[in-house]
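I opened this model to look up a few residues, one helix pair and the surroundings of the ligand. My notes follow in the order in which I looked.

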Amino acid sequence: MPEDFEIVSETLPPLAAGEMLLKTKYLTLDPYMRSEYMNSKRAVGPPVIGGTVSEVIESRCEGWSVGDLVVGYYGWTEYKIATAEDVQWNLENMPIEKWDTDLGEPSTALGVLGMTGYTAYHGLVNICSPQAGETVVVSAASGAVGQVVGQLAKIAGCHVVGVAGGPAKCSYCTDELGFDACVDYKAEGFGADTIKEVCPNGIDIYFENVGGDVLEAVIPNLNANCRVPICGYIARYNVDNFIKVPEGNPMIRLKELGLPILGRKGSTSGFTFFGWNAMGPEERSDVLQELSRLLQSGEQSPRGNALFPPSFSMEQDQLAACTTIKAAGTGQTRGNSKLMKKRRFW
Ligand SMILES: NC(=O)c1ccc[n+]([C@@H]2O[C@H](COP(=O)([O-])OP(=O)(O)OC[C@H]3O[C@@H](n4cnc5c(N)ncnc54)[C@H](OP(=O)(O)O)[C@@H]3O)[C@@H](O)[C@H]2O)c1
C-alpha cells in the first residue's frame with residue numbers, strides 16, 4: 001500500500017577520492033523482496049533493496065568514467081555515491097559490473113542477462129540436464145524466470161508446458177515464446193487432469209516457481225524418474241512464516257511423498273531447492289555469454305526475435321520525479337537525491 005512507503009530526500013555530500021556518483025536508470029521489483037525483505041523488521045528505514053543499472057555521472061574513482069553503466073545492488077534510490085569495492089547482492093565474489101552493451105540492452109542486466117536469467121539457466125540446464133523428447137513443465141511461466149526456462153527447454157528439444165494465470169499470459173507463452181502448451185491455473189476446473197491433457201507422457205522436469213494448488217495439480221503427473229528443481233513458491237509468500245508452514249510448501253510436500261534429494265547435474269531423480277548464487281564467478285560469466293548469444297541470435301523464439309524482456313524493472317524516473325543535481329563544488333552540498341523507504345512493518 002502507498003502508505004507503507006515514503007519517498008524522502010537526502011542531501012548528498014561532495015565526492016571523496018575513490019568515489020563516484022551514480023544515477024539510477026533501471027531498478028527491479030522481484031519476488032524475493034516480498035518473501036525475505038518485506039517480511040523483515042530490518043527493512044523499515046533503509047532504501048528499498050533491489051538490483052540496479054546506473055550511469056556514472058561524476059567520478060573520482062579509478063577505472064570508472066562518466067557515462068559508464070554500472071550493474072549493482074543499490075536499491076530504489078535516484079542517486080548513489082558508490083565505490084569500486086561495492087558488490088552485488090551482498091555477494092563478496094560478485095563485484096559491481098561495468099555493463100558491456102555488446103552483451104545486450106542495459107535493462108537486460110536485471111533480467112535475462114542477470115539474476116533471473118542465471119536462475120533459469122542454473123535450475124534447468126545445470127541441475128536438470130534436460131534431454132530432447134522430455135516433458136518440462138514450468139510454473140509462473142510468463143514471469144522473468146519462467147519464460148527463460150521454457151525457451152531454454154525448447155532449445156534443448158523438450159516438450160514444454162507452461163502454467164500461468166489467464167489467457168493473455170498463456171497465449172504469450174505459446175504464440176510468442178514457442179511453448180508447446182500453456183495451462184491457465186485460474187480457469188475453472190484446473191487440476192491434475194488439465195495438466196495430464198497437455199502432458200500425455202507425464203512430466204520429466206517440473207521447474208517449480210509457485211507451490212500451492214499448481215504443485216498439487218502437477219504431483220500426480222510426475223514420472224517416476226522426474227527432476228524437480230525448486231526455485232521458489234510464490235503462492236505462499238504472503239503466509240506468515242511461510243518457510244515453516246507445510247501447506248503448499250514444495251520442499252515439505254515432495255519429501256512427504258518420498259521423493260529423494262536430486263543428485264548433481266540431474267544424475268538421479270528427485271527434488272532440490274537451489275539458488276542461482278551457487279554458481280561461482282567463472283560459471284556465471286560463461287552463462288552470461290551463452291544467454292547473450294541466444295538473446296542476440298533470436299533462435300529461441302518462433303518469430304526469430306529476442307524475446308527475453310527483463311524482469312519487472314522500471315526507468316528510475318517513473319519512481320520519482322528527478323531532482324536536478326547541481327554541479328559539485330568542493331565542500332558544498334550538491335542537491336538532493338530521492339529514495340523510497342519502507343515506513344512500517346506489518
Ligand atoms: N532460487 C533462486 O535463486 C531464485 C531467483 C529468482 C527468483 N526465484 C523465484 O522464482 C519465482 C519466479 O520469479 P520471477 O522473477 O520469474 O517472478 P515474476 O517475473 O515477478 O513473476 C512472478 C509470477 O508469479 C505468478 N504468481 C504470483 N502469485 C501466484 C500464485 N498465488 N499462484 C500461482 N502463480 C502466482 C504470477 O504470474 P501469474 O499471473 O501467471 O499467476 C507472477 O507474474 C519466484 O518464486 C521467485 O521467488 C528464485
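**Entry 1: Leu215**

I looked up Leu215 and found its place in helix α6, where helices (H or I, at least four residues) and strands (E, at least two) are DSSP runs numbered from the N terminus. I note that this is a predicted model, in which local features need pLDDT of at least 70 and side-chain atom pairs count only at pLDDT 80 or more, while totals for chains, interfaces and linings use all residues. Residues are numbered from 1 along each chain as its sequence is written.

I counted 24 C-beta neighbours inside 10 Å of Leu215, so I entered Leu215 as buried; a residue is buried if 20 or more other C-beta atoms lie within 10 Å of its own, exposed if 12 or fewer, and partly exposed in between, with C-beta atoms placed from the backbone. Setting aside neighbours within four places in sequence, I listed Glu208, Val210, Gly248, Pro250 and Arg253 as the contacts of Leu215, two residues being in contact if their C-beta atoms, placed from the backbone, lie within 7 Å. Of these, Gly248 is 33 residues from Leu215 in sequence, yet their C-alpha atoms are 7.4 Å apart.

**Entry 2: three loop residues**

I found Pro14 in the loop between β1 (5-11) and β2 (19-28), and its 16 C-beta neighbours inside 10 Å are why it counts as partly exposed. The C-alpha atoms of Pro14 and Ile81 are separated by 9.2 Å, with their positions 67 residues apart along the chain.

I then turned to backbone angles, keeping in mind that most residues other than glycine have a negative phi. Ala140, in the loop between β7 (135-139) and α3, has a positive phi near 45°, and Ala140 is buried, with 27 other C-beta atoms within 10 Å. Asn241, in the loop between β11 (222-230) and α7 (250-256), also has a positive phi, near 55°, but Asn241 is exposed, with 7 other C-beta atoms within 10 Å.

**Entry 3: helices α2 and α8**

I followed the axes of α2 (residues 115-128) and α8 (residues 281-297), which come within 10 Å and cross at roughly 100°; axes are lines fitted to C-alpha atoms, for helices over the stretch in contact, and angles run from 0 to 180 degrees between N-to-C directions. That makes α2 roughly perpendicular to α8, a word that covers angles of 65 to 115 degrees. On the α2 side I noted Gly117, Tyr118 and Tyr121, and on the α8 side Arg284, Val287 and Leu291.

**Entry 4: around the ligand**

Which residues are closest to the ligand? I found Gly143, Val145, Gly165, Gly232 and Ala235 to be the closest of the 30 residues that surround it, counting a residue as near if its C-beta atom, placed from the backbone, lies within 6 Å. Helices α1 (31-37), α2, α3 (144-155) and α6 (212-218) each supply at least two residues of this shell. Domain 1 (2-111 + 310-342) and domain 2 (115-297) both give residues to the shell, so the ligand lies between them; the domain bounds come from an automatic or database assignment.

**Entry 5: the whole chain**

I closed with the chain as a whole, which has nine helices and 14 strands. Buried residues make up 40% of its 346 residues. Among contacts with a separation of 6 or more, 65% join residues 24 or more positions apart.

Terms used. Parallel < 35°, antiparallel > 145°, perpendicular 65-115°, else oblique.
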